[in-house]
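Trainee: I have a structure open on my screen and I'd like to learn how to read it. Could you walk me through a few features?

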Amino acid sequence: MIPPSAGLSAQAFSERFLHYLRYVRGLEVSQAAPADLLAALELTIREALIDRAVATRRLQDTQVPKTVHYLSLEFMLGRLVESNLLATGLEPTARAAMAGLGLDLDRLIEEEPDPGLGNGGLGRLAACFLESLATLDYPAYGYGLRYDFGIFRQEFAGGWQRERPDTWLKNGYAWEIGRPDLTVKVGLGGAVTIEGDDGRRRPVWTGQHTLYGVPYDVLVAGFRTASVSILRLWRAEAPYSFDFDTFSRGNFLAAVAGRENAEAVTKVLYPSDEAEAGRELRLTQEYFLVACSVADVVRRFRARCGDRWEIFADKVAFQLNDTHPALTVAELMRVFLDEIGLPWEQAWAITRAACAYTQHTVLAEALETWPVRLVERLIPRHAQIIFDINKRFLDGVDAAHPGDHGLRRRLSLVHEDGERRLRMAHLAIVGCHRVNGVARLHTELLKSRVFPDFDRLFPDRFVSITNGITPRRWLLACNPRLAAAITARIGDGWVRDLDRLAELGAHADDPAFQDEFVAIKRANKAALVPVIERLCGLAVDPASLFDVQVKRMHEYKRQLLAAMHIIALYRRIKADPAAALVPRTFVFGAKAAPAYRMAKLTIRLINGVAEVVNRDPDVGGRLRVAFIPDYRVTIAGLVIPAADLSEQISTAGMEASGTGNMKLALNGALTIGTLDGANIEIRDAVGEENIFIFGHTAAEVAELRASGRYDPWELYRADAELAGVIDALADGTFAGPDAGPLREVWSALMERGDPFLHLADFRPYLEAQARAAALFTEPRAWAAKAIRNVAAMGAFSSDRAIREYVREVWGLVPAPTAAGENGPGGYER
């Protein structure tokens, strides 16, 4: 472990800050805008990270340890100033240095934008994992794409979501280090021909058009260690960004068309795939990520180990974060076969031994497939290789199960019914030596419902590794009041060993700690109040119960069920304005995919409910509904510490794991949820008496669907309160001028069979909410349960998850870097 201050004085920090401000931004403090001051601060901190990265690289070049390469289309890093100051121990130094210059460190931190590199739990998990890998001294690279505009910046207009460009790079991004010396050439299109004589005929991919992948590195610091993970982000560029001849002929726009077409590959995350051009762009993105990353890994392996391909899998691990990087299997095979010249059997053995795959969903529509014709046009050599993999695989299936044509059809990498499509999850399962689910229930569903044939064929391939979160960002940084209170009672060992939180359980019944806990929560809520007022134009009461649902907008996550609860409470007030009701502030945060109509209708509905409820004098402030726009990591860092009640109410059997549930519980929120995803493991950890569980189980949901007997109208007729809520969805009470479009929400429930069982779980949900409201009137009893939740969160650390990946999948060995080992040279040749 390195010294907390890294040996840097406030005076030295101040001098470096002024150096970067003058010689990079060309300014003095008195002339600098906040963005300039922020850049100088980031560069000063980055200097310490580069020293650590150099030391890490030198050690790894010498020891050549096995390294994991984590491929993901998303990395939701969030702001890095505060987390890097905490990791390096420089926070007190920086604060003193800024104060000496008449600057406020906290105000500078507020200037930092969230990098537009992700959208939901997939990307936040990847970011947590990189931080934990560095903290635990495991050699690691992350690989992603450097999006110009991220997914989008969310605004609301008339209650509707509007997507705007996320211009997070407009002032530059001082954390990144451009590495044009490591640029990778990527081919697309063209054709495959067979060349050579009869004895040595081989396929040759020719006629491609070329993209260049230019890497930009972000250094991810381990907490109080000299080790650094590198996140390498690829930006697409054209080989020639300007056609001078075309320009000279007066066709000015055409002169830069090649550059614009190339750069479109990394313009946005998840371009809409409704049109053919969008589908081609998404597939191009995925292959571009894979091709650049594989080339980079092979280059580094050759620099360290030469052409000793027999040890490749002993030194290299690839982790595919969902199906998006599944083409890694085909690209590795292409490199081994076509560029290196290995025989098929050896190439396949190395590929399978090096690759592992994390499956993040049980939803059939989320299991990526690509039209064969599109793959053949865009990456024809890979289409050939996938067909070859499939033939050899199915030959083995036929040999083991002769005549079982149904099994062959279900296992095939090619979906043959209707349009022929390549199944990317099947490619990943066949081409990887391990496949992991991200919670116990999720893994069991993968094995029993989603991929049962593969599980029977490969009984040792599927393993369960429950997701985790880093306590450094999600408690130490975002909730310093609670972190300090915990440390005062059990010491600070929990920051690197979250299992130590169990010691906090002994204090759960201490009235003094309960009172302190309540006061901390109240202070965190008070800090969120002006944020809600600024972003939503709404005044809320920090004494009210903060009921929070913050996650990606999707029907199975059932934000609609939460809205139905609000409508029910509102109708109770309208029926009896004097009704006793625990005051609540409902806080939502979610983005809907631009093409996901039902998700966007749900956002419009919730905003409509907010407009009616917040303005009704009968409510008297007892209910407040706030939908915070553009939810992101920075907003999460304010909302999560303030939450009293954590909404985890997905239809059972549909949530893979969830990590928001872990973050909220770690920060002292009580969970109301179904037995889905990691909720089950949270219940087991905290005890049934310290969580509000309701609703149908995954098995009951499956049985209800399979029986064909589920009738929403039967529930509607049997429950007058439910009927009133449903009628309010139909009659436009909360629709304003949009009654026509919002009637689709009613139709989804009552005419299309309520596929996510909102009505089935409505009454149990309201009963669980009533139990939560009753407990909230007893602050010390509530605090005791919340403290027990915090104390039980040790199992949900990303450090624990990484250790399980190391043991079950990667086989890494820690390679701790000693401070001061940087020496001359860069962090990578």
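Mentor: Sure. Start with burial: a residue counts as buried when its relative accessible area is under 20%. Keep in mind that this is a predicted model. In helix 26, the residues that pass that cut-off are Asn679, Ile680, Glu681, Ile682, Arg683 and Val686.

Trainee: Why is helix 26 said to be largely enclosed by the rest of the structure?

Mentor: Because six of the eight residues of helix 26, which spans residues 679-686, are buried. The buried residues pack against helix 17 (440-450), helix 25 and helix 32 (779-791), and also against strand 21 (645-648), strand 22 (670-673) and strand 23 (692-693). Right after helix 26 comes Gly687, with a positive phi near 95 degrees.

Trainee: Which residues have a positive phi although they are not glycine?

Mentor: Two to look at are Val64, with a phi of about 50 degrees, and Asp137, with a phi of about 70 degrees. Val64 sits in the loop between helix 2 (34-63) and strand 1 (67-71). Asp137 is in the loop that joins helix 6 to strand 2 (140-145).

Trainee: And is Val64 buried or exposed? What about Asp137?

Mentor: Apply the cut-off again. Val64 has a relative accessibility of 13%, so it counts as buried. Asp137 comes in at 14%, so it is buried too.

Trainee: Let's go back to helices. How many residues of helix 24 are buried?

Mentor: Nine of the ten residues in helix 24 (residues 633-642) are buried, so this helix is largely enclosed by the rest of the structure. The buried ones are Val633, Thr634, Ile635, Ala636, Gly637, Val639, Ile640, Pro641 and Ala642. Their cover includes helix 6 (121-135), helix 19 (471-477), helix 21 (511-536) and helix 25 (660-666), along with strand 18 (545-550) and strand 19 (584-589).

Trainee: At what angle do helix 21 and helix 24 pack?

Mentor: To describe a helix pair, look at the angle and the distance between the axes. Here the angle is about 135 degrees, and the axes of helix 21 and helix 24 are 8 Å apart. That angle makes helix 21 oblique to helix 24. Their crossing is left-handed. From helix 21, the contact uses Lys521, Asn524, Lys525, Leu528, Val531 and Leu535, while helix 24 brings Ile635, Leu638, Val639, Ile640, Pro641 and Ala642. By type, the residues of this contact are nine nonpolar, one polar and two charged.

Trainee: Which residues make the contact of helix 29 with helix 31?

Mentor: Geometry first. Helix 29 (residues 720-731) and helix 31 (residues 758-776) pack at about 120 degrees, with their axes 11 Å apart. They are therefore oblique to each other, and their crossing is right-handed. The residues in contact are Glu721, Leu722, Val725 and Ile726 of helix 29, and Leu759, Phe762, Arg763 and Leu766 of helix 31. That gives six nonpolar, no polar and two charged.

Trainee: One for the bench: how many disulfides are there?

Mentor: The test is whether two cysteine sulfur atoms lie within 2.5 Å. The count here is zero. For Cys478, the nearest cysteine sulfur belongs to Cys128, 11 Å away. For Cys536, the nearest is that of Cys478, at 19 Å.

Trainee: Are those two cysteines buried or partly exposed?

Mentor: Cys478 is buried, with a relative accessible area of 16%, whereas Cys536 is partly exposed at 28%.

Note on methods. Residues are numbered from 1 along each chain as its sequence is written. This is a predicted model: local features need pLDDT of at least 70, side-chain atom pairs count only at pLDDT 80 or more; totals for chains, interfaces and linings use all residues. Side-chain values use heavy atoms; hydrogens and water are left out. Buried means under 20% relative accessible area, exposed over 50%, partly exposed in between (1.4 Å probe, protein chains only). Helices (H or I, at least four residues) and strands (E, at least two) are DSSP runs, numbered from the N terminus. Contact means heavy atoms within 4.5 Å. Axes are lines fitted to C-alpha atoms, for helices over the stretch in contact, and angles run from 0 to 180 degrees between N-to-C directions. Angles under 35 degrees count as roughly parallel, over 145 as roughly antiparallel, 65 to 115 as roughly perpendicular and the rest as oblique. A crossing is left-handed if the near helix is turned anticlockwise from the far one by less than a right angle, and right-handed if clockwise. Ala, Val, Leu, Ile, Met, Phe, Trp, Tyr, Cys and Pro count as nonpolar, Asp, Glu, Lys and Arg as charged, and the others, Gly among them, as polar.
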